[in-house]
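Visitor: I have a model to look at and some labels to check. Can you walk me through them?

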Amino acid sequence: MCEKCKGNFYITTPIYYPSSKLHIGHTYCTVATDAMARYKRLQGYNVMFLTGTDEHGQKIEDKARESGVTPQEFVDNIVMGERGVLDLWKLMNISNDRFIRTTDDYHVESIQKIFKMMYDNGDIYKGTYKGKYCKPCESFWTESQLVDGKCPDCGREVQDAEEEAYFFRLSKYADRVQDLLENTDFLEPRSRVNEMVNNFIKPGLEDLCVSRTSFTWGVPVDFDPGHVVYVWIDALFNYMTALGYQNDRHNELSQFWPADVHFVGKEIVRFHSIIWPAMLMSLNLPLPKKVFGHGWLLLDGGKMSKSKGNVVDPYILAERFGVDALRFFLLRSFPFGSDGNFSNEVLISTINTDLANDLGNLVSRTIAMAQKYFGEHLPAQQAENPEMDAELLAMVSDLRGKYEEQMEHFAFQNALAEIFKVISRANKYIDENAPWVLAKSEENKPRLAKVLYNLLETIRICAGLLKPFMPDTADEIGRRLGNPRMDWDSLGIFGVLPAEAAPVAGPVLFPRIDMEKELKELEELTKPQKTEPELPLAEAKPDIAFDEFEKVDMTVVKVLTCEKVKKSEKLLKFTLDDGTGEPRTILSGIAKYYQPEQLVGKTLVAVTNLAPRKMMGQLSCGMLLSAERGDQLHLLMLDDAIPAGSRLV
Ligand code: ME8
């Protein structure tokens, strides 16, 4: 640790799933962590701020397959590609000291060693996973995860199943974890403690299944091929592998572990406050000092999430309003520990009220008056008026203490409220002292100089304390004040700005936004990005024997003619070449999906030994195969090089 440092401070964000691009909800937590990291640096701490991506698991494997790329290519694109995770953090001015990807070699190796260590000490053991299995999803579920007794992912029937798997003895640590939660400040806000204890620990903690065999995109269990490590073990240990635990890529474990705080969203508090400490206990490792579970940003009252497709794009907002305004809005408008409703109206009105009116006006009015009345710099001769100055000066002098108290409790909204109380008071101070009246007589110039000095000094302290939230704006204000001290010590003292301050004007910091016009434009741009809705899956049919399947004749056919069936909205009539030399007629209910002329000449597949049946008075000899999901239908079309009459085997 350096001589001057107050100490080390280690803070983390959750590592994000790069299963699709990040949204404003993810940005919220990272901006909060960044503000905290910057605040601690400002106080003089030696900070390690870690963020990263959690890249393994079945979901990523599936998404990559759907996109026709390897899982590694898939995650690389979302993490490093244009407008990906790294680009977003750069845009948002995130000052992380380290970025970990769980696909990094050193992390993978460390996880293998960690898994083996818990296996060797007996806390991981091989057993049988008994549960419910959804065949189409290839997923195991416990009874409690089912929704109405069906697969929570696709809604289909599940079957009883058994799979060989490794388990972590979570049950062994139940008492110690309960004690940790109830009798220490490990988990905050406090309300989350009851939720964890009553919902998860008291009903009985079961051992946790920590390996999977149904997919391969994960850290392989090196002593048992075919098993991959459960993603949450892989993910949680990132907080330590990133410092060098069980690897020699990094070397800061003794300096920064245990972490001072993990910021996590409320839905993953369970993993961080029960499973994580239990695993650390198993390895006799020190526990993080705190887990803070923050609330969600809601949209129309519901959680913004990739799977619901109702996400708001941080790029659009940052580009329209500026990065600092967006960062400020996120932490000023919602209490960090509770949920908050996102809306464009709140965003614009926060910018207009706090930034354009209150802060922006205070800075521009004060500097404009200083220049107008005194030119280059304020005169050294200044006259106090204790009666007029006392309240503002007392508020500014107390500000750092009040701000610190709130920041230490991660109460960003309250810390900002303290600053804005002072900014409003300063605006009122201008009106009370009416510098434009003082300027009329030479005799009042010393008093005028003091009024402006007090205002400039108030601005310096407010800007310095705003720096963790709006780093660029604080720097710009500092520049306009003539680059005075804005270090932590100086922010606790009124009077650090030299008396002969020489402020410089600049463009409007936060232009006022025309609410109505902006809302209209934004509505177009930030229309919740409907990601492709999940199409419902048809019910899976019972298994059949191979000889039953073999009875079906599937034949390659070419479309000779195709026309609509009169008086039917659904049916198309096909004449087909099935290779026998005799044209075959098939009626198919697909008129809603295809125009007849589109299909002439196409190579399709037909079931040709289906008993003929009459439809709308015409005989149909067979059935054309098509793929159906939700309200979409596609005929199976083959390469035209395949001759009519070929059999599908
Ligand atoms: O949970 N409002 O990753 P993730 C606020 N990989 N926060 C939100 C949010 C919203 N609307 N939507 C998401 C994971 N988040 C794991 C973490 S850590 C060892 C592994 C937050 O990408 C969410 O609460 O699904 C979580 O804390 C974080 O974004 C990452 O979510």
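Guide: Start with pairing: two strands pair if DSSP finds at least two bridges between them. Strands are DSSP runs of E, at least two residues long, and helices are runs of H or I, at least four, numbered from the N terminus. This is a predicted model: local features need pLDDT of at least 70, side-chain atom pairs count only at pLDDT 80 or more, and totals for chains, interfaces and linings use all residues. Residues are numbered from 1 along each chain as its sequence is written, and side-chain values use heavy atoms, with hydrogens and water left out.

Visitor: What makes β2 and β3 a pair?

Guide: 4 bridges join β2 (residues 46-53) to β3. The definition asks for at least two, so they pair. The strands run parallel. Thr53 has Arg101 in β3 as its bridge partner.

Visitor: Which way do the residues of β3 (residues 98-101) point?

Guide: Arg98 and Ile100 point one way, Phe99 and Arg101 the other. In a regular strand the side chains alternate between the two faces of the sheet. All four are buried (under 20% relative accessible area, 1.4 Å probe, protein chains only).

Visitor: Why is the contact between Gly265 and the ligand called polar?

Guide: A polar contact is a pair of N or O atoms within 3.5 Å; within protein, one must be able to donate a hydrogen and the other to accept it, and residues adjacent in sequence count only if both atoms are side-chain atoms. A backbone N or O atom of Gly265 lies 2.9 Å from a ligand oxygen, so the pair qualifies. A polar backbone atom of Leu297 is 2.8 Å from a ligand nitrogen.

Conventions
Buried < 20%, exposed > 50% of the residue type's maximum accessible area, 1.4 Å probe, protein only.
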